[in-house]
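Trainee: Before we begin, could you take me through this structure slowly, setting each value against the rule that gives it a name?
Mentor: Gladly; look it over, and then ask about whatever you would like to see justified.

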2 protein chains.
Amino acid sequence: MKPEGAFRSNRATRPRPTLSGVEHMPARERAYHDLRYRILTGRLAPGTTLLETELAALLSLSRTPVREAAIKLAEEGLVSIRARHGITVRDLSLRDVAEILDVFSALEIRAVALVARRGLSRAEHEHLANLLDRMERHTASGDIGRWSDLDDDFHSSMVSLCGNGRLQHTLGEYWGQQFRARMLVLPLRPSPHQSDREHREILAAVHARDEEAARAAHLRHRARADAQQLALLKSRLPPGAPDKTDEEETA
Amino acid sequence: MKPEGAFRSNRATRPRPTLSGVEHMPARERAYHDLRYRILTGRLAPGTTLLETELAALLSLSRTPVREAAIKLAEEGLVSIRARHGITVRDLSLRDVAEILDVFSALEIRAVALVARRGLSRAEHEHLANLLDRMERHTASGDIGRWSDLDDDFHSSMVSLCGNGRLQHTLGEYWGQQFRARMLVLPLRPSPHQSDREHREILAAVHARDEEAARAAHLRHRARADAQQLALLKSRLPPGAPDKTDEEETA
DNA sequence: CCCGATATCTATGTATACATTATCGGGCTT
DNA sequence: AAGCCCGATAATGTATACATAGATATCGGG
């Protein structure tokens, strides 16, 4: 999916849609990662409904670990469990995406502020600056896919430096949902010159250890980028978008 | 614990440490609420370690629902599960509290901004203003306990009006942890005149539908209040505080 | 022909049985 | 005497069996 960031960055808090070292995990984790992977890559399409039994059969496991995995996915917002109606891969309505981006960006802004407070080591700064360099090259060459991967890496690397484990953990839980939304609009995305500029601004503020400036810069960045993403989605979905107003989190 | 807010406010997203309508819940939920209650009220003290079997016996249930409840509590940060070593009620180090407050306030600030964007109905504004009135009376009479309950109600009522279900849900998950931290410093807390003033400011900005002002006001409020809380904790814990630097979320 | 009550069937929720594996203690070796 | 290895023990992880409750379909009545 991406070039596997130079240093440890974020593997732990942000389980990417990859299925590498899944061999000797407990079954529950295998089930979780497997299903998550299938959902994020679209192999399990939104709307797909499966019973616990069917999932168990699909993964060649018993219901117990599959059930626990499903509960975790539900709390993560990727599926919804309706008792006696099975486990359904959630569809992302416009409203859902708005909610997700709101939470995600609020947390990310705080993370960036913390990084600014803490400051960057030379290596960290170079890593981040290097990411921005590469992104700008991809912007120039119009390779929006690679740009997007690096964008994600930039944001995630920032977060991984914030020093707040809970913040990272919760951001990780929202990452999957945000990823799906991102994939929806990727092909529609215009040239990200503006984002590139904003990233430089953010990095500069963080590097200067100016917490307020960093917070403000990242707030502006996310506000603009999120609004753009929503606008693109709105222009794309409406055709036959049911935009289900289903309330109630899976809890 | 508190006077049961005038309108629906928040019961759903913020499971208070109360054990009222637990009768006809599924066993897993009973277990979850029961254990959560015991932890938040201190009946299960930090450091207490129990095996799945022991918990099951304690609650007169089989391991299955108890286990699922324990996993949920672990994801909520109230206990940590160490395979083959049992389920331990987490202790709150200074660092833990700092992490929790960071996440909690970041989310709450966003929630308040959303409420400001959305605006308040007449009834909603009156409810909130009424809470502030009562808080100020308790400040005057020095009843810090009642003040704290209303403070929590004010913040939670705000959140319940933000219109973002996921935001409410995640805040609810952090509420328990935040509650524990709050209880630790309650007796040490000085007269909350400053908070009262800030609350008025926040409510005014929200009522005026000035999103930026509301965000800024709430940010200031939380930054100051959180710093104060941490300072109080620091002055209290150090005596014999191990301040475990145990990293690694339960995940 | 439609509506409603009931019975059956099935998916989940819970309990229990079984397998796996880490930990702890004892005994052996050096 | 100290350290290591091995095995017994026990706790978790997983599978399965059982109970419950909800949904559907059928049958009878209006």
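Trainee: Of the atoms of DNA strand C within 4 Å of the protein, what share belongs to sugar or phosphate?
Mentor: Keeping in mind that this is a predicted model, 60% of those atoms belong to sugar or phosphate, and the rest belong to bases.

Trainee: Which residues are the closest to DNA strand C?
Mentor: Among the 17 residues that surround the strand, the closest are Arg63(A), Arg67(A) and Arg84(A), together with Ala27(B) and Ser62(B).

Trainee: What makes the approach of Ser62(B) to a phosphate oxygen of DNA strand C a polar contact?
Mentor: The cut-off is a pair of N or O atoms within 3.5 Å, and a polar side-chain atom of Ser62(B) lies 2.7 Å from a phosphate oxygen of the strand, so the pair qualifies. By that rule Arg67(A) also qualifies, with an N or O atom of its side chain 2.6 Å from a phosphate oxygen, and so does Ala27(B), where a polar backbone atom is 2.2 Å from a phosphate oxygen.

Trainee: Which helix supplies the largest share of the surface near DNA strand C?
Mentor: That is H3(B), with three residues, while H3 of chain A and H1 of chain B each supply at least two. Sorted by kind, the residues of this surface divide into six nonpolar, four polar and seven charged.

Trainee: Why is H1(B) called roughly perpendicular to H2(B)?
Mentor: Their axes cross at roughly 95° and come within 11 Å; angles of 65 to 115 degrees count as roughly perpendicular, and the crossing angle falls in that range, so the name applies. On the H1(B) side the contact is made by Ala31(B), Asp34(B), Leu35(B) and Arg38(B), and on the H2(B) side by Leu55(B), Leu58(B) and Leu59(B). These residues divide into five nonpolar, no polar and two charged.

Trainee: How do you know that chains A and B are related by a two-fold axis?
Mentor: Chain B is superposed on chain A by a rotation of 180° with 0.0 Å of shift along the axis, at an RMSD of 0.1 Å, and that is the relation of a two-fold axis. In chain B, the C-alpha nearest this axis belongs to Ala106(B), at 3.1 Å.

Trainee: Why can one say that the copies meet through the same surface?
Mentor: Because 100% of the interface residues of chain B are also interface residues in chain A, the copies meet through the same surface.

Technical notes
Residues numbered from 1 in each chain as written. Chains lettered and ligands numbered in written order. Predicted model: local features only at pLDDT ≥ 70, side-chain atom pairs only at ≥ 80, totals over all residues. Heavy atoms only, no water. Least-squares fit on C-alpha atoms with pLDDT ≥ 70 in both. Contact = heavy atoms within 4.5 Å. Axes fitted to C-alpha atoms, helices over the stretch in contact; angles between N-to-C directions. Helix = DSSP H or I, 4+ residues; strand = E, 2+ residues; numbered from the N terminus. Parallel < 35°, antiparallel > 145°, perpendicular 65-115°, else oblique. Nonpolar A, V, L, I, M, F, W, Y, C, P; charged D, E, K, R; others polar. Near = heavy atom within 4 Å. Polar contact = N/O pair within 3.5 Å; in protein donor to acceptor, adjacent residues only side chain to side chain.
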